[in-house]
Amino acid sequence: MTLPKLALDTEILGNTKVGDDVYALTVHGGALIDLAKPGQFIHLQIPAENVFLRRPFGIADTDEGKLTMYYRVTGKGTRALTGLQHGDTVNCLGPLGNGFSLSSKRPLLVGGGMGLAPLLLLAKSFQGEADVLMGGRNQAELFWKDIFAPYAHEIFITTDDGSLGVRGFTTELLPDLLGKRKYDCIYTCGPEIMMRGIAKIAAQHDIPCQVSLEKRMACGLGACLSCVCDTANGERKKICKDGPVFWAQDVFFEK
Ligand SMILES: Cc1cc2nc3c(=O)[nH]c(=O)nc-3n(C[C@H](O)[C@H](O)[C@H](O)COP(=O)(O)OP(=O)(O)OC[C@H]3O[C@@H](n4cnc5c(N)ncnc54)[C@H](O)[C@@H]3O)c2cc1C
Ligand code: FES
């Protein structure tokens with residue numbers, strides 16, 4: 001199914017540092033707001049020399065006409081993005097991709113690092129019903145806790161160094177959590193190794209699991225084939241158009 005999308009010049013309303021190397025970019029969302037669904041992304045044209053291709057960022061919030069994305073500075077595009085200010089213009093192509101299936105009544109959201117960004121809009125859409133298990137390297141990386149707090153039912157935290165929550169990975173806390181609470185779907189976004197671990201535990205507990213995949217993208221529209229992935233039935237899928245959200249068993253399988 002082809003979903004409606006727009007390429008809009010949008011005014012920047014805020015570009016604020018919220019963590020080590022992480023910024024919240026808020027733009028005037030215009031018509032994008034009504035179209036955006038949790039799990040979809042914006043392909044952003046960053047107005048800077050030598051940044052020709054658009055860069056994809058998950059839609060984290062759509063509130064009162066404002067659309068927010070969170071980005072970590074990883075290279076030249078995101079570094080250039082930090083220099084933009086209130087009143088500057090960026091072109092947003094979106095909303096792109098297929099988002100999460102929202103049928104769950106008792107959802108658990110599991111996010112690692114920047115993977116928490118798209119899970120924020122998902123948590124909001126569940127209107128306080130979703131539990132969130134979040135993991136990061138240390139306390140500083142989990143500034144997300146305060147951002148999620150108004151929208152989550154309960155928040156569970158792991159850090160690699162034990163500076164906040166339980167020491168270890170989300171995959172270590174998950175079996176414990178599943179032993180104590182009933183969930184009918186797990187939604188996960190973050191490093192692939194984490195999502196694979198989460199999906200495996202979900203399968204062992206017979207809980208459906210949706211994963212949001214990442215790959216370098218060029219067109220973002222399904223035309224260039226730079227983002228294809230293999231699926232269990234042998235079909236090759238485009239992460240930008242058929243995903244980025246997939247059912248775990250379709251994309252994480254033994255080859
Ligand atoms: C669907 C989707 C949603 C995303 N959402 C977010 C988000 O909400 N917040 C966020 O911070 N990042 C997100 N990313 C990753 C983000 O797009 C890249 O970090 C960004 O494009 C890097 O641009 P750059 O010019 O700064 O880095 P570059 O100079 O292009 O590359 C720097 C480094 O980042 C790696 N990289 C570049 N693009 C990607 C990519 N698409 N996926 C993984 N690694 C990449 C490169 O391999 C390289 O190591 C998302 C990616 C996808 C595919
Ligand atoms: S980025 Fe071009 S097909 Fe996905």
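Which residue of β4 does H43 stand opposite? The legends below, drawn from a predicted model, begin with that pairing.

**View 1. Strand β3 between its partners β4 and β7**. H43 stands opposite P56 in β4. The two strands concerned, β3 and β4, run antiparallel and are joined by four bridges. Strand β3 also pairs with β7, again in the antiparallel sense and over four bridges. Here L44 has C92 of β7 as its bridge partner. Strand β3 covers residues 41-45 and is mostly covered, with four of its five residues buried. In general, the strands of a sheet pair through backbone hydrogen bonds, either parallel or antiparallel.

**View 2. The shell around ligand 1**. Ligand 1 has 21 residues around it, and R55, G58, G75, G77 and T78 come nearest. Three elements each supply at least two residues of this shell: β4 (55-58), β6 (66-72) and α2 (76-81). By character, the shell divides into ten nonpolar, five polar and six charged residues.

**View 3. The open sheet of seven strands**. The strands follow the order β11-β10-β9-β8-β12-β13-β16, and their pairing is mixed. β11 (166-167) and β16 stand at the edges with a single partner strand each, so one side of each is left without a neighbour in the sheet. Within the sheet, β12 (residues 185-189) pairs with β13 in the parallel sense over four bridges. T188 has V211 of β13 as its bridge partner. Helix α3 (residues 116-125) packs on the sheet and touches β8, β9, β12 and β13. The direction of α3 makes about 160° with that of β8.

**View 4. The two sides of helix α5**. Which residues of α5 are buried? In this helix, which spans residues 170-180, they are T170, T171 and L174. Seen down the axis of α5, the buried residues fall within an arc of 80°, so they line one face of the helix. An α-helix has 3.6 residues a turn, so residues three or four places apart point the same way. The buried residues of α5 pack against three strands and a helix, namely β8 (107-112), β9 (131-136), β10 (154-159) and α6 (192-204). On the other side of α5, P175, D176, G179 and K180 are exposed.

**View 5. Two cis peptide bonds that precede proline**. The bond from G94 to P95 is cis, with omega near -10°. P95 belongs to strand β7 (residues 89-96). The bond from G243 to P244 is also cis, with omega near 10°. P244 is placed in the loop between β15 (236-238) and β16 (245-247).

**View 6. Positive phi at D21 and L225**. D21 is not a glycine, yet its phi is positive, at about 65°. This residue is found in the loop between β1 (6-19) and β2 (22-28). Is D21 buried or partly exposed? D21 is partly exposed, with 14 other C-beta atoms within 10 Å. L225, likewise a residue other than glycine, has a positive phi near 65°. The loop between β13 (209-212) and β14 (228-230) holds L225. L225 counts as exposed because it has 11 C-beta neighbours inside 10 Å, the limit for that class being 12 or fewer.

Methods. Residues numbered from 1 in each chain as written. Chains lettered and ligands numbered in written order. Predicted model: local features only at pLDDT ≥ 70, side-chain atom pairs only at ≥ 80, totals over all residues. Near = placed C-beta within 6 Å. Nonpolar A, V, L, I, M, F, W, Y, C, P; charged D, E, K, R; others polar. Buried ≥ 20, exposed ≤ 12 C-beta atoms within 10 Å, placed from the backbone. Arc of directions from axis to C-beta. Contact = placed C-beta atoms within 7 Å. Pairing = 2+ DSSP bridges. Axes fitted to C-alpha atoms, helices over the stretch in contact; angles between N-to-C directions.
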